[in-house]
Amino acid sequence: DGIIVARTDSEGADLTQKIPVVKEPGDIASQYIGFLDTVEIDIADAQEDEILIKRDGKLHRPKRLASGLYQFRPDTQIDRVVLDCVSSLQNGADLLWIETATPNVDEIAHMVNRVKETVPNAKLVYNNSPSFNWTLNFRQQAYDRWVAEGKDVSAYDRAKLMSAEYDATELAADADEKVRTFQADASREAGVFHHLITLPTYHTAALSTHELAQGYFGSEGMLAYVAGVQRKEIRGGIACVKHQAMAGSDIGDDHKEIFSGDNALKAHDDAKNTMNQFAAH
């Protein structure tokens, strides 16, 4: 048994590589083609070997980039996502993975509610993507909400809300609280069944390496590693503090003893094994 998660069209996707084959008027392919951005032309203006579309009895030229990709009409993003979602659920998908332009609960809910008009039990998997600038998005959402509520926002520049100068402000605290409750809010109000986050460890690895290098080669020296990494590993009970064991050194030593007994090539005095320095603290 398994669960089929359909990665559906992204709200921010404005181009497509292929034009589907229409088998009968009004089918899914026909609806999809209807989203293409086209311009009506006369047959006399058609170029040799050009791809044209017949629409309402007239010839249309789809807008196409030099790359060969076709362009969608700019007002079709949500309609395309909804069609993609409904089609996926009607053809075997259990969950939907929807991509939105920003992490906005109201926008997600609007889209999901459109899907539920056709498939009432639709369940959504949402990517809490690091591709979003979460700080800026939620501060701007807070700013817009304050404006709508008639609050004074004269101390804030909406375009520069990412600046650290706003970190200790009431607006930043408001935004951070919305970030904290985003998963619960999206589940309750937008029908999100499961939240995932893609590539978080890519970013944590990059940040920790940056901070370690900055301190180690700066004024902190070795303390950057000891205080910033190892001490936290020990006190947090992180098994990787014994990196030799995690790499399999214990298993290797055990195998040596099994096959070679006292002749095993290993440290003679176990008391001097550095891993013993990381006993429970």
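Select Gly237 to begin: the residue sits just after helix 8 and has a positive phi of about 70 degrees. The coordinates belong to a predicted model.

Step back into helix 8 itself, which runs over 223-236. Centre the view on Gln230, where helix 8 has a kink of about 30 degrees.

Keep helix 8 shown and add helix 7, residues 200-216; each of the two supplies at least two residues to the lining of the largest pocket. Which helix gives the most to that lining? Helix 8 does, with six residues. The pocket holds about 310 Å³ of space. To display its walls, select Thr204, Ser208, Thr209, Glu211, Leu212, Glu220, Leu223, Ala224, Ala227, Gly228, Val229 and Lys232. Coloured by class, this lining shows five nonpolar, four polar and three charged residues.

Next, go to the second largest pocket, with a volume of about 260 Å³. Its lining consists of Asn104, Val105, Asp106, Phe138, Gln141, Arg145, Lys178, Phe182, Asp185 and Glu189. Helix 3 (105-116), helix 4 (134-149) and helix 6 (182-190) are the elements that give two or more residues here. By class, the selection splits into three nonpolar, two polar and five charged residues.

Leave Phe182 selected. Besides lining the second largest pocket, Phe182 is among the residues with the most contacts inside the largest nonpolar core. The others in that group are Ile108, Val115, Leu124 and Tyr156, and the core has 35 residues. To see where the core comes from, show helix 2 (77-90), strand 7 (95-99), helix 3, strand 8 (124-127), helix 4, helix 5 (170-180) and helix 6, each of which gives two or more residues. Helix 3 gives the most, with six residues.

The last stop is Leu69, in the loop between strand 5 (58-62) and strand 6 (70-71). Is Leu69 buried, partly exposed or exposed? Leu69 counts as partly exposed because its relative accessibility is 27%, and the class covers values between the 20% limit for buried and the 50% limit for exposed. Select its contacts beyond four places in sequence: Leu15, Thr16, Gln17, Lys63 and Arg64. Finally, draw a distance from Leu69 to Asp14, C-alpha to C-alpha: the two are 9.7 Å apart in space and 55 residues apart in sequence.

Terms used:
Residues are numbered from 1 along each chain as its sequence is written. This is a predicted model: local features need pLDDT of at least 70, side-chain atom pairs count only at pLDDT 80 or more; totals for chains, interfaces and linings use all residues. Side-chain values use heavy atoms; hydrogens and water are left out. On a 1 Å grid over the protein atoms alone, a cavity is a set of points where a 1.4 Å probe fits but cannot get out, and a pocket is an open set with protein on both sides within 12 Å along at least five of seven lines; lining residues have an atom within 4 Å of a point. Grid points are joined across faces, edges and corners, and a volume is the space filled by probe spheres set on the points. Helices (H or I, at least four residues) and strands (E, at least two) are DSSP runs, numbered from the N terminus. Ala, Val, Leu, Ile, Met, Phe, Trp, Tyr, Cys and Pro count as nonpolar, Asp, Glu, Lys and Arg as charged, and the others, Gly among them, as polar. Buried means under 20% relative accessible area, exposed over 50%, partly exposed in between (1.4 Å probe, protein chains only). Contact means heavy atoms within 4.5 Å. The bend at a residue is the angle between axes fitted to the seven residues ending there and the seven starting there. A nonpolar core is a set of buried Ala, Val, Leu, Ile, Met, Phe, Trp, Tyr and Cys residues joined through side-chain atoms within 4.5 Å.
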